[in-house]
Amino acid sequence: MNENCPLVTIIIPVYCGEKYLETLFKNLKELVYENLEFIFIDDCSKDNSLKLLEEFSREMPDCRVIANEKNMGVSYSRNEALKIANGKYLFMLDCDDIFSKEIVTECVSQAEKMCSDAVLYNVVDINPDGSLRNDRGLSYDKDIYEKTEIRKVIAKTFGISFLELYAYLTGKRGAKEDKGHTGPWRMMYKTSVIRQNHLKYCENLRIGEDTCFTNEYLGFCDKINILRKNLYFLVIHEDSTTGQYIGRYKENVDQKVKLYREKLALTKRISKKRNMDISKVWGGECILSSVQLAVLIAQDKELSLKEKVRWLKKYQSDPVVQMIWKKLPFRKLMDNFSIKTIPIIMIKLNLLSLVILSVQILNKFGFSIKE
């Protein structure tokens, strides 16, 4: 292997992505890098995705296609690809997005020069027509983070802290202001870090699985490189925006509970292995999730008040959720009182019927908490 051009694996899961593949293949062919390995995982697509992937694999050297026998989900697909990846570095991209032809060259150059375990680059939100939707930038203070400083990198994407929650309630910041993208496509990974720490996606999660994987990975890095360049363009499709669980309360509640259980377990794993406490960076998100669920449930005109309370209580009664709510001081809520605080205070006092009714009233005045 050429030491100046180490092998890089690009992993791309595909499910019914036929309409995006022509652009994807063009993007991949234009990459300015010599030593690439492609791994596609077709998750039992119902369209012609698999056929197109197989045709592309015949054109390109070092290209493999995995065909799942049944639909297993993106976490399973990525885990299968991680098992067979041969690259020193790897990317995990989505088939419907766009990326710079320099993305691999730029990241490998930084990683090799700085001996970093991860290279984070700027991700820009764009519309399907290519117009700019949102350029969040990279809100990091430094270009290199090492050892316990890496906690500051994790704090940008792992959740919302209590301090950030208080600032949001008093109008000093947006709910997710200064937060970065959580997807696996926001960085280049070092394969050895994944293998040595036995990292994999949690396959029973349907929301937040990427957040957990990427931040656990960062927690096991010794050095992280921040590359302040627009290298990845996240195409925002109307049918792929968050909100797919609205109206499906059982799945919504169950997935939220699973997510926070996994975050707690992940916090303990990182603390045990790296002596890095990240427990304070995500508690506020769990609190806001309670209100978000109340908002979604309150909007359903087909559910009775009793049924709405039952679904909210199901989430609130989970031991992990209860533990986080107990850490939220009542005095702090009163010190940071605003109209946004009202539902939180009611949930804190277990007045779930009142919180549903109050959210319905607040909705009429335009109050909302976006995912």
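In which handedness of crossing does helix 10 pass helix 11? The crossing is right-handed. This is a predicted model, and every value below is computed from it.

Stay with these two helices for a moment. Helix 11 covers residues 305-316. Its axis and that of helix 10 come within 10 Å and cross at roughly 165 degrees. Angles over 145 degrees count as roughly antiparallel, so helix 10 and helix 11 are roughly antiparallel to each other. From helix 10, the contact is made by Cys-286, Ser-289, Ser-290, Leu-293, Ala-294, Ile-297 and Ala-298. Helix 11 answers with Lys-308, Trp-311, Leu-312, Tyr-315 and Gln-316.

Helix 10, residues 283-298, also packs against helix 6. Here the axes are 6 Å apart, and the angle is about 50 degrees. That value falls between the limits of 35 and 65 degrees, so the class is neither roughly parallel nor roughly perpendicular. Helix 6 and helix 10 are therefore oblique to each other. Phe-162, Leu-165 and Tyr-168 represent helix 6 in this meeting. On the helix 10 side stand Gly-283, Gly-284, Ile-287 and Leu-288.

Now follow the chain out of helix 6. A loop runs between helix 6 (162-169) and strand 9 (187-190), and Arg-173 lies in this loop. Is Arg-173 buried or exposed? Its relative accessibility is 15%, so Arg-173 counts as buried. Which residues does Arg-173 touch, leaving aside those up to four places away in sequence? They are Glu-164, Ala-167, Tyr-168, Asp-178 and Lys-179. Tyr-168 is also one of the helix 6 residues that meet helix 10. For a sense of scale, take Asn-350. Arg-173 and Asn-350 are 177 residues apart in sequence, and their C-alpha atoms are 27 Å apart in space.

Asp-178, one of the residues touched by Arg-173, lies in that loop between helix 6 and strand 9 too. Its backbone deserves a look. Asp-178 has a positive phi of about 70 degrees although it is not a glycine. With a relative accessible area of 38%, Asp-178 is partly exposed. Lys-147 also shows a positive phi, about 50 degrees, and is not a glycine. Lys-147 sits in the loop between strand 8 (144-146) and helix 5 (150-154).

Turn next to the N-terminal helices. Helix 1 covers residues 18-29, and helix 2 covers residues 49-59. Their axes come within 10 Å and cross at roughly 15 degrees. Angles under 35 degrees count as roughly parallel, so helix 1 and helix 2 are roughly parallel to each other. Helix 1 passes helix 2 in a right-handed crossing. The helix 1 side of the contact is made by Glu-18, Leu-21, Phe-25, Leu-28 and Lys-29. The helix 2 side is made by Ser-49, Leu-52, Leu-53, Phe-56 and Glu-59.

Two of these contact residues, Phe-25 and Phe-56, lead into the aromatic side chains. A search of the whole structure finds 13 aromatic pairs. One of them joins Phe-38 and Phe-56, edge-to-face, at 6.2 Å centre to centre with 70 degrees between the planes. Phe-38 is in strand 2 (residues 36-42) and Phe-56 in helix 2, so this pair links distant parts of the chain, 18 residues apart. How accessible are the partners? At 3% relative accessibility, Phe-38 counts as buried. At 1%, Phe-56 counts as buried as well.

Phe-56 has another ring partner in Phe-40. That pair is also edge-to-face: the centres are 5.8 Å apart, and the planes are at 85 degrees. Phe-40 lies in strand 2 and Phe-56 in helix 2, so the pair ties together parts that are 16 residues apart in sequence. Phe-40 is buried, with a relative accessible area of 0%. Which residues do ring pairs link into a cluster here? The members are Phe-25, Phe-38, Phe-40 and Phe-56. Phe-25 also belongs to the helix 1 side of the helix contact.

Two further rings meet lysines. The charged end of Lys-263 sits over the ring of Phe-158, 4.9 Å from its centre. The charged end of Lys-273 sits over the ring of Phe-220, and here the distance to the ring centre is 5.3 Å.

Definitions and conventions: Residues numbered from 1 in each chain as written. Predicted model: local features only at pLDDT ≥ 70, side-chain atom pairs only at ≥ 80, totals over all residues. Heavy atoms only, no water. Phe/Tyr/Trp six-rings, centres within 6.5 Å; stacked < 30°, edge-to-face > 60°. Helix = DSSP H or I, 4+ residues; strand = E, 2+ residues; numbered from the N terminus. Buried < 20%, exposed > 50% of the residue type's maximum accessible area, 1.4 Å probe, protein only. Lys NZ or Arg CZ within 6 Å of the ring centre and 35° of its normal. Axes fitted to C-alpha atoms, helices over the stretch in contact; angles between N-to-C directions. Parallel < 35°, antiparallel > 145°, perpendicular 65-115°, else oblique. Left-handed = near helix turned anticlockwise from the far one by under 90°. Contact = heavy atoms within 4.5 Å.
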